Amino acid sequence: MPGVTAPERRYVITFGCPDRTGIIARISGFLAEHGGWIVEAAYHTDPDTGWFFTRQVVRADSLPFDAAELRARFGEVAAELSAESSWQVSDTGERRRAVILVSKAGHCLYDLLGRVASGELDVDVAAVIGNHDSLADITRAHGIPFHHVPFPADGKQEAFEQVRKLVDEHDPHAVVLARFMQILPADLCREWAGRAINIHHSFLPSFIGAKPYHQAHTRGVKLVGATCHYVTADLDAGPIIDQDVIRVDHGDSVEDMVRKGRDIEKVTLARGLRWHLENRVLVHGNRTVVF
């Protein structure tokens with residue numbers, strides 16, 4: 001667009017290792033040695049696990065090499081500090097890709113597509129896959145391919161294999177379960193670990209099963225919330241990226257609670273996805289550090 005300045009290209013280093021003295025000095029010294037201009041730096045030490053976390057953002061034009069070379073060179077520092085696999089280098093110049101999985105409820109999909117169309121969420125949605133076709137029209141109206149994959153009771157394994165192929169052909173940075181009402185099998189949870197993101201209401205585990213809002217209304221709850229988390233084989237129990245709540249009161253009907261719940265689900269999912277795409281989320285065990 002005329003008059004719009006492209007964002008400055010940056011390399012983002014996320015890193016975790018056993019805590020000890022000298023970690024910050026070693027990382028900043030490595031970057032300074034190569035002329036790296038740090039524009040953001042965040043740190044956290046978890047006293048319960050004795051683990052150190054950091055997120056460093058460096059101007060790409062300050063380094064004499066590209067992201068691939070930075071990964072290779074920084075790998076030596078990571079090994080020295082016993083980081084193992086708990087680090088990565090990402091390049092903001094590389095477009096992020098997402099694939100969205102849906103069922104019938106469209107509030108999260110509508111919200112994400114609107115944020116992408118307005119430029120608020122900087123990601124390319126490569127495809128939307130639904131086990132129902134009710135959201136096909138809105139998806140295609142945004143110029144995005146929609147794939148309908150039915151899930152018959154006696155053919156779920158084959159359906160998931162088709163979903164896997166459709167997702168993997170795009171090699172997305174995020175697989176977003178935007179109210180996708182099918183349980184991912186354990187092999188897909190492993191394959192998409194750290195990329196598959198889910199959203200659900202925060203009544204769990206108090207109100208399990210059908211009609212949770214009706215259960216909550218009967219109980220007289222005063223807060224409706226949502227949880228955005230990474231998908232694992234433990235249903236709805238993966239590392240939490242973000243949570244939020246909105247108040248309800250005695251005057252709210254079940255329908256009011258559902259509406260407010262959908263509102264908070266949309267915001268929480270969008271925020272969690274943004275943090276994930278910006279490499280702000282570091283996972284350690286079943287917990288996260290979000291910078």
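1. Let me start with glutamate 265, since its surroundings are worth a look on your screen. Leaving aside neighbours within four places in sequence, glutamate 265 is in contact with His107, Cys108, Arg179, Ile199, His200, His201, Tyr213 and Ala226. The residue belongs to helix α8. Its relative accessible area is 3%, so glutamate 265 is buried. Please keep in mind here and below that this is a predicted model.

2. Now the chain as a whole. Its secondary structure comes to eight helices and 13 strands. Along the principal axes, the C-alpha trace spans about 60 × 45 × 40 Å. A compact globule of 291 residues would have a radius of gyration near 19 Å, and the 21 Å of this chain agrees with that. Buried residues make up 46% of the 291 residues. Of the contacts with a separation of 6 or more, 67% are between residues 24 or more positions apart.

3. A few words on surface and charge. The chain exposes about 14,600 Å², and carbon and sulfur atoms supply 52% of that area. There are 32 positive and 39 negative charges, and their mean positions lie 4 Å apart.

4. Which residues have the most contacts inside the largest nonpolar core? They are Ile100, Val102, Leu109, Leu112, Val128, Leu269 and Leu273, in a core of 31 residues. Two or more residues of this core come from each of β5 (97-102), α3 (107-117), β6 (124-130), α4 (136-141), β8 (174-177), β9 (196-201), β10 (223-230) and α8 (254-277). Helix α8 gives the most, with five residues. A second core, separate from this one, has 21 residues, among them Ile13, Ile23, Phe30 and Ala83.

5. Leucine 109 is a handy residue from which to view the largest core. Apart from neighbours within four places in sequence, leucine 109 is in contact with Ile100, Val102, Val128, Leu135, Ile138, Thr139 and Ala178. Of these partners, Ile100, Val102 and Val128 are also listed among the core residues with the most contacts.

6. Alanine 141 makes a useful reference point beside leucine 109. The two are 32 residues apart in sequence, and their C-alpha atoms are 13 Å apart in space. Alanine 141 is found in helix α4. Is alanine 141 buried or exposed? With a relative accessible area of 64%, alanine 141 is exposed.

7. Leucine 121 sits in the loop between α3 and β6. Despite the loop position, leucine 121 counts as buried, because its relative accessibility is 4%. Not counting residues up to four places away in sequence, leucine 121 touches Leu112, Arg115, Val116, Ala270, Leu273 and Arg274. For a longer view across the model, glutamine 243 is 122 residues from leucine 121 along the chain, and the C-alpha atoms of the pair are separated by 19 Å.

8. Valine 167 is a residue of helix α5 (residues 156-168). Its relative accessible area is 0%, so valine 167 is buried. What does valine 167 contact, leaving aside its neighbours within four places in sequence? The partners are Val99, Leu101, Ile129, Pro172, Val175 and Trp192. Alanine 126 is 41 residues from valine 167 along the chain, with 8.9 Å between the two C-alpha atoms.

9. Finally, two backbone angles that you may like to check. Most residues other than glycine have a negative phi. Serine 82 is not a glycine, yet its phi is positive, at about 60°. This serine 82 is placed in the loop between α2 (67-80) and β4 (87-91). At 37% relative accessibility, serine 82 counts as partly exposed, because that class runs between 20% and 50%.

10. The other case is asparagine 279, again not a glycine, with a positive phi of about 55°. Asparagine 279 lies in the loop between α8 and β12 (281-284). Is asparagine 279 buried or exposed? Its relative accessibility is 11%, so asparagine 279 counts as buried.

Conventions. Residues numbered from 1 in each chain as written. Predicted model: local features only at pLDDT ≥ 70, side-chain atom pairs only at ≥ 80, totals over all residues. Heavy atoms only, no water. Helix = DSSP H or I, 4+ residues; strand = E, 2+ residues; numbered from the N terminus. Rg over C-alpha atoms; globule rule 2.2 N^0.38 Å. Buried < 20%, exposed > 50% of the residue type's maximum accessible area, 1.4 Å probe, protein only. Contact = heavy atoms within 4.5 Å. Areas by Shrake-Rupley, 256 points an atom, 1.4 Å probe, with all protein chains shown as cover. Lys, Arg positive; Asp, Glu negative; His and termini not counted. Charge placed at Lys NZ, Arg CZ, Asp CG, Glu CD. Core = buried A, V, L, I, M, F, W, Y, C linked by side-chain atoms within 4.5 Å.
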